[in-house]
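Got the viewer open and a hand on the mouse? Let's take a walk through this one, a stop at a time.

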Amino acid sequence: EIIEKINMKFVLLGVLLLSFFLQQVYLSKEVIGWEISTYLSMGQDINRGNLPYEFQLEAKGVFLFYIYSIIDLLSNGDYRIVKLLNDVPLLVLTILMFSTLQLKGKKANIIAGLLLYTSILSIEYYGATGVTELYALIPIALGIYLLERKKDTDFLFLGILFSLATLTNHGTVVFFIA
């Protein structure tokens, strides 16, 4: 009964704040050891007017480098801002998960799912910022939300979302099938 009286907007806000707070541990981690440096370098190359893969080679999808070119422009060379901007996919995925669960689930299941998701992503390996899978999961999560809503599902748009996911990280084909 107590859970049914809880305002879900406050739950979402609390989980978003908790998720953002738990990600701040990564601000003190060295950037050079992570893949963020490579993505940022490719994004800077795009901002210089070059094509992706023209002067550098990386096995990730091309859409990721355009995302990092935007992150590079917004951060103005400050790695801390880059890391903060890399928290945005986590927050967007939390909102999409909340919206999808709200369509089908009880309040207790929604709260449990959000807290489980946030706690898993607070583990150092799984919640590391700049992981390409998080960027690729955004279009997939949006597609799942649109399918669950079942209001005039546009399969062409869902195909475009899946394409964006695979252009971000090629391994997301496994996520989409699952």
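Here is the tour, starting with the whole chain and then moving to single spots.

**Before you click**

You're looking at a predicted model, so local features need pLDDT of at least 70 and side-chain atom pairs count only at pLDDT 80 or more, while totals for chains, interfaces and linings use all residues. Residues are numbered from 1 along each chain as its sequence is written, and side-chain values use heavy atoms, with hydrogens and water left out.

**Stop 1: the whole chain**

Colour by confidence to begin with. pLDDT is the predictor's confidence in each residue, from 0 to 100. The chain averages 81, and 87% of its residues reach 70 or more. Confidence is highest in helix α3 (residues 62-75), at a mean of 91, and lowest in helix α9 (residues 172-177), at 76. Where pLDDT is low, don't read the predicted coordinates in detail.

Now switch to cartoon: there are 9 helices and 0 strands. Both are DSSP runs numbered from the N terminus, with helices being H or I of at least four residues and strands E of at least two.

Of the 178 residues, 38% count as buried. Buried means under 20% relative accessible area, exposed over 50%, and partly exposed in between, using a 1.4 Å probe and protein chains only. Contacts here are heavy atoms within 4.5 Å. Among contacts with a separation of 6 or more, 70% join residues 24 or more positions apart.

**Stop 2: Tyr53**

Select Tyr53, in the loop between α2 (36-47) and α3. Tyr53 isn't a glycine, yet its phi is positive, about 70°. Most residues other than glycine have a negative phi. Tyr53 counts as partly exposed because its relative accessibility is 34%.

**Stop 3: two salt bridges**

How many salt bridges are there? The count is 2, taking a salt bridge as a side-chain nitrogen of Lys or Arg within 4 Å of a carboxyl oxygen of Asp or Glu.

Show Asp45 and Arg48 as sticks: they form a salt bridge, with the closest N and O atoms 3.0 Å apart. Is Asp45 buried or exposed? Asp45 is buried, because its relative accessibility is 6%. Arg48, at 56%, counts as exposed.

Next, pick Lys104 and Glu148, whose closest N and O atoms are 3.5 Å apart in the other salt bridge. This pair links distant parts of the chain: Lys104 sits in helix α5 (residues 88-104) and Glu148 in helix α7, 44 residues apart. Lys104 is exposed at 56% relative accessibility, whereas Glu148 is partly exposed at 31%.

**Stop 4: along α7**

Stay with α7 and select residues 132-149. At 1.5 Å a residue, these 18 residues should span 26 Å, and the end C-alpha atoms are 27 Å apart, so the two agree. The expected span is 1.5 Å times one less than the number of residues.

Where is the kink in α7? Look at Ile138, shortly before Pro139, for a kink of about 30°. That bend is the angle between axes fitted to the seven residues ending there and the seven starting there. Buried residues in α7 include Thr132, Tyr135, Pro139, Gly143 and Leu146. Right after the helix comes Lys150, with a positive phi near 50°.

**Last stop: Leu121**

Finish at Leu121, in the loop between α6 (107-120) and α7. Leu121 counts as buried, at 8% relative accessibility. Draw a C-alpha to C-alpha distance to Leu22: the two are 99 residues apart in sequence and 8.6 Å apart in space.
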